[in-house]
Amino acid sequence: MAATSLNAHNAPLLQKTHQTHVFLKPISTIPCQTSAKRFSISCSATTQDRLSVQSQSQDRVFNFAAGPATLPENVLLKAQSELYNWHGSGMSVMEMSHRGKDFRSIIEKAEADLRSLLNIPENYAVLFLQGGATTQFAAVPLNLCAPGDSVDYLVTGSWGDKAFKEAKKYCNPKVIWSGKSENYVRVPSFDGLELNPNAKYLHICANETIYGVEFKDYPVPRNPNGVLVADMSSNFCSKPVDVTKFGLIYAGAQKNVGPSGVCIVIVRKDLLGNAQEITPVMLDYKIHADNNSLYNTPPCYGIYMCGLVFEDLLKQGGLEEVEKKNQKKAGILYNAIDESKGFYRCPVEKSVRSLMNVPFTLEKSELEAEFLKEAEKEKMVQLKGHRSVGGMRASIYNAMPLAGVEKLVAFMKDFQAKHA
Ligand code: PMP
């Protein structure tokens, strides 16, 4: 179909991919008529429709980015099919009033699905907020303690360190253990931790995205009235979690559950209502909880996308099934690294290696640029390690298909054979 036959209404439904124009929306759902005029797209071109979806799929790369990260292809296609006219409402989710019944149904379903995925009890509030996980570095101390209160931070990577530094502005935090001097390769044994008996909370980063260090079980605060707080940004919904072990969990959406712009907070309700006086209204959890995350205009489209991802995770059989897939993917990648006789190396202690972010280095570091270039030619992108550590990092979140990891492993073996 010639691009010249498009008009202003249907043009946004097309995307230029390499040389060809490809339909991004199943043609059967493209509105073929408005009150004013008929479009030039044929409504009966279902074969073209299927071809279009296939070529879109072939055009996609395996995206190993740490976040924003790859999203499930079926979720993207569903969003595409609903983009222009959501459920016959005559408008896109982006155009809806956040207080209207349509958007309410979207946010309520997203919350209900997340509650069933993580088995979140009634005495926990679920909040859909803005400002990324970084904003929570401040919101957590502002909401959970008074200015002089002591709190503990267990630092297993640079995100935990950033959270600690932000907390210093609002309370009296102490780093009770840091892996920095060892370049963040492990989680300490919980037995030897010098936990403060008065700490209002103990903060951990459940998965350190940059270093690939993941907690496999969780420490318990020494203060019986203290709570465990976790930044789960990069392993949220990647496996079942016993929410009742935590007073508060927060996670930026853009790794496992949606686009950037949404940050999810799960907080025990009895912890709400004691925010410090200086707390900006937008950081006060109680205000958001009392208003069902609709105190002000929320990131509506992002919440809708998270809802589609939650629905998809439930369809896959829930987080037990998702975890099995993640273990399989991570297993074949770590095995390939460990069996490479030192050509590739992952510095993280085996017992705490992340299922989500797999950092590795090349013995011959001078080959790194070529590795990245060759991988990109094979449509495997964003494999460069974080600028603070170098090397490679393959982020293999829920939405990374097994085929993507298998392709990467085959590529790594080939590359080694050429350069060993
Ligand atoms: N915590 C972790 C574990 C992260 O990986 C990130 C982002 N990469 C952040 C916090 C910061 O998130 P945001 O950019 O959403 O503020």
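# Two helices and an arginine

Visitor: In this predicted model, which exposed residues sit on the face of α8 turned away from its buried side?

Guide: Exposed here means over 50% relative accessible area. On the face of α8 opposite its buried side, two residues are listed as exposed: Lys324 and Lys328.

Visitor: How far does α8 reach from its first C-alpha to its last?

Guide: Helix α8 spans residues 319-338, which gives 20 residues. At 1.5 Å a residue, 28 Å is expected. The model comes close to that, with a reach of 27 Å.

Visitor: What arc do the buried residues of α8 cover around the axis?

Guide: The buried set of α8 includes Leu319, Val322, Asn326, Lys329, Leu333 and Ile337. They lie on the same side of α8, because around the axis they cover an arc of only 155°.

Visitor: Which helices help to cover the buried residues of α8?

Guide: The cover includes strands β13 (344-345), β14 (357-362) and β16 (392-395). Helices take part as well: α3 (101-118), α7 (300-315) and α10 (402-419).

Visitor: Are α8 and α10 roughly parallel or roughly antiparallel?

Guide: Two packed helices are described by the angle between their axes and the distance between the axes. The axes of α8 and α10 come within 9 Å and cross at roughly 5°. Angles under 35 degrees count as roughly parallel. Therefore α8 and α10 are roughly parallel.

Visitor: How many charged residues are in the contact of α8 with α10?

Guide: From α8 come Lys328, Lys329, Ile332, Leu333, Ala336 and Ile337. From α10 come Leu402, Val405, Glu406, Leu408, Val409 and Met412. By class, nine are nonpolar and none polar, and the charged residues number three.

Visitor: Within what arc do the buried residues of α10 fall?

Guide: The buried residues of α10 include Gly404, Val405, Leu408, Phe411, Phe415 and His419. On the other side, Asp414, Ala417 and Lys418 are exposed. The buried ones line one face of the helix, because seen down the axis they fall within an arc of 165°.

Visitor: Is Arg60 buried, partly exposed or exposed?

Guide: Arg60 is in the loop between α1 (46-59) and β3 (62-63). Its relative accessibility is 28%. Buried needs under 20% and exposed over 50%. So Arg60 counts as partly exposed.

Visitor: How far apart in space are Arg60 and Lys379, C-alpha to C-alpha?

Guide: Arg60 touches Thr70, Leu71, Glu73, Leu76 and Lys379, leaving aside residues up to four places away in sequence. Arg60 and Lys379 are 319 residues apart in sequence. In space, their C-alpha distance is 8.0 Å.

Methods: Residues numbered from 1 in each chain as written. Predicted model: local features only at pLDDT ≥ 70, side-chain atom pairs only at ≥ 80, totals over all residues. Heavy atoms only, no water. Helix = DSSP H or I, 4+ residues; strand = E, 2+ residues; numbered from the N terminus. Expected span 1.5 Å × (residues − 1). Buried < 20%, exposed > 50% of the residue type's maximum accessible area, 1.4 Å probe, protein only. Arc of directions from axis to C-beta. Contact = heavy atoms within 4.5 Å. Axes fitted to C-alpha atoms, helices over the stretch in contact; angles between N-to-C directions. Parallel < 35°, antiparallel > 145°, perpendicular 65-115°, else oblique. Nonpolar A, V, L, I, M, F, W, Y, C, P; charged D, E, K, R; others polar.
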